[in-house]
Amino acid sequence: MGAQGYALYKAFTGHKTENGNDKSHIFIKQKDSPNTYSYKAVDIDNKYVNEHYLLIYKAITDQAKLGYVFKTRYNLGINKSKLIFVKNVKSTQVFNYDHRFLQVGTTNKDMKLSHLNEMGAKNCKFIYMHSAYTNNGVKNAEYDIPTCLKVQSSTATYSYRWIEQPQVNGFYRPTPEYLAQLLKDQAKAGYHIIDNDNALLLFNRKGYLFEKDSSDNTARLDYKVQSEFVLLGSNSKDANYYRLQDQAKLGWFLGVDNVYSNVPSYFAFTYTGQYNPQ
């Protein structure tokens, strides 16, 4: 698919395949784009638990130097992972990663956000929070590990804020109307949503993670909020496919679970060099 110009957008967990619950993959292509993509799979298989994350991090940093961006990971068992990478064939861009080791039980939401903002101020865009028992260079422990990606030629900086979802009788129950207004208010301040579940790995808490990109113009950003998740595991693969296709024809890209955006979210095209809005 990469040779036909399709970039791996995101992996969707929960769709029932013939083999049971598995990941489905969403690929996206910008109309008339000349870009093509190369994909690479890297297997990590080692003996000791505390080494596994370190080998994953080494693999993503090694591939970044070759222009490959880490996209998704399969957990294949104890100390076994398959990593998927994508590269824009026509781009000479190279990348770098950075991370922090935050020992589980010693940090809170504010401390995690502080680390994200500290890395973002150094041109490093938050990608995901890894949780692993590993060694931080001093001791073995259980760590939450915020990981960020830096485009070596970019001077963009990033800032982050997290807003907890509203609760009703002790349950998280945000309404579509609440979320639509929140997205609108945050966009006015230059922030766009990048996660609506628990990217910060906070215990028993759910919220919305927003990012502000110094190189981005949120004035062109618009959202469409749905009453249910766009991709449902109970739907057939075809039903999910046509739902995405119908919205794409209208210029809407899938963002977080129940939100479409008129601009691709996260780094679907930003770091593969394909999407260049006018």
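Helices (H or I, at least four residues) and strands (E, at least two) are taken here as DSSP runs, numbered from the N terminus. This is a predicted model, in which local features need pLDDT of at least 70 and side-chain atom pairs count only at pLDDT 80 or more, while totals for chains, interfaces and linings use all residues. Residues are numbered from 1 along each chain as its sequence is written, and side-chain values use heavy atoms, with hydrogens and water left out.

**Whole chain**

Begin with the protein chain selected in full: four helices and 17 strands are assigned to it. Of its 278 residues, 44% are buried, where buried means under 20% relative accessible area, exposed over 50% and partly exposed in between (1.4 Å probe, protein chains only). If the surface is displayed, its accessible area comes to about 14500 Å², with 49% belonging to carbon and sulfur atoms; these areas come from the Shrake-Rupley method with a 1.4 Å probe, and for residues only the protein chains shown count as cover. Among contacts (heavy atoms within 4.5 Å) between residues at least 6 apart in sequence, 67% join residues at least 24 apart.

**The largest core**

Select next Ile60, Phe70, Leu83, Phe85 and Tyr97, which have the most contacts inside the largest nonpolar core, a set of 23 residues. A nonpolar core is a set of buried Ala, Val, Leu, Ile, Met, Phe, Trp, Tyr and Cys residues joined through side-chain atoms within 4.5 Å. At least two residues of this core come from each of β3 (37-45), α1 (49-64), β4 (69-77), β5 (80-88), β6 (95-99), β8 (125-135) and β9 (140-151), and α1 gives the most, with six residues. Centre the view on Leu83 and, leaving aside neighbours within four places in sequence, its contacts include Val42, Ile44, Ile56, Ile60 and Phe70, as well as Lys40 and Arg73. Another core, of 13 residues, lies apart from the one around Leu83; select Leu113, Met129, Ile194 and Leu209, which are among its members.

**Two buried polar residues**

Move now to Ser81, in strand β5, which is buried with a relative accessible area of 1%. Its side chain is joined to that of Arg73 by a polar contact of 3.0 Å; such a contact is a pair of N or O atoms within 3.5 Å, and within protein one must be able to donate a hydrogen and the other to accept it, while residues adjacent in sequence count only if both atoms are side-chain atoms. Beyond four places in sequence, Ser81 also touches residues including Asp43, His52 and Tyr74.

Asn46, in the loop between β3 and α1, is the next selection, and this residue is buried as well, at a relative accessible area of 13%. A polar atom of the Asn46 side chain lies 2.6 Å from the backbone oxygen of Tyr48, and a polar contact of 2.6 Å joins the side chains of Asn46 and His52. Not counting residues up to four places away in sequence, Asn46 touches Glu51, His52, Leu55 and Asn79. Measure in the viewer from Asn46 to Ile78, C-alpha to C-alpha: they are 8.9 Å apart in space and 32 residues apart in sequence.

**A three-stranded sheet**

Finish at the open sheet ordered β15-β17-β16, whose pairing is antiparallel; two strands pair if DSSP finds at least two bridges between them. Its edge strands, β15 (223-225) and β16 (253-254), each pair on one side only. Three bridges link β15 to β17 (residues 259-261) in the antiparallel sense, and Val225 stands opposite Val259 in β17. Helix α3 (residues 176-188) packs on this sheet, touching β15 and β17, and its direction makes about 165 degrees with that of β15; the axes are lines fitted to C-alpha atoms, for helices over the stretch in contact, and angles run from 0 to 180 degrees between N-to-C directions.
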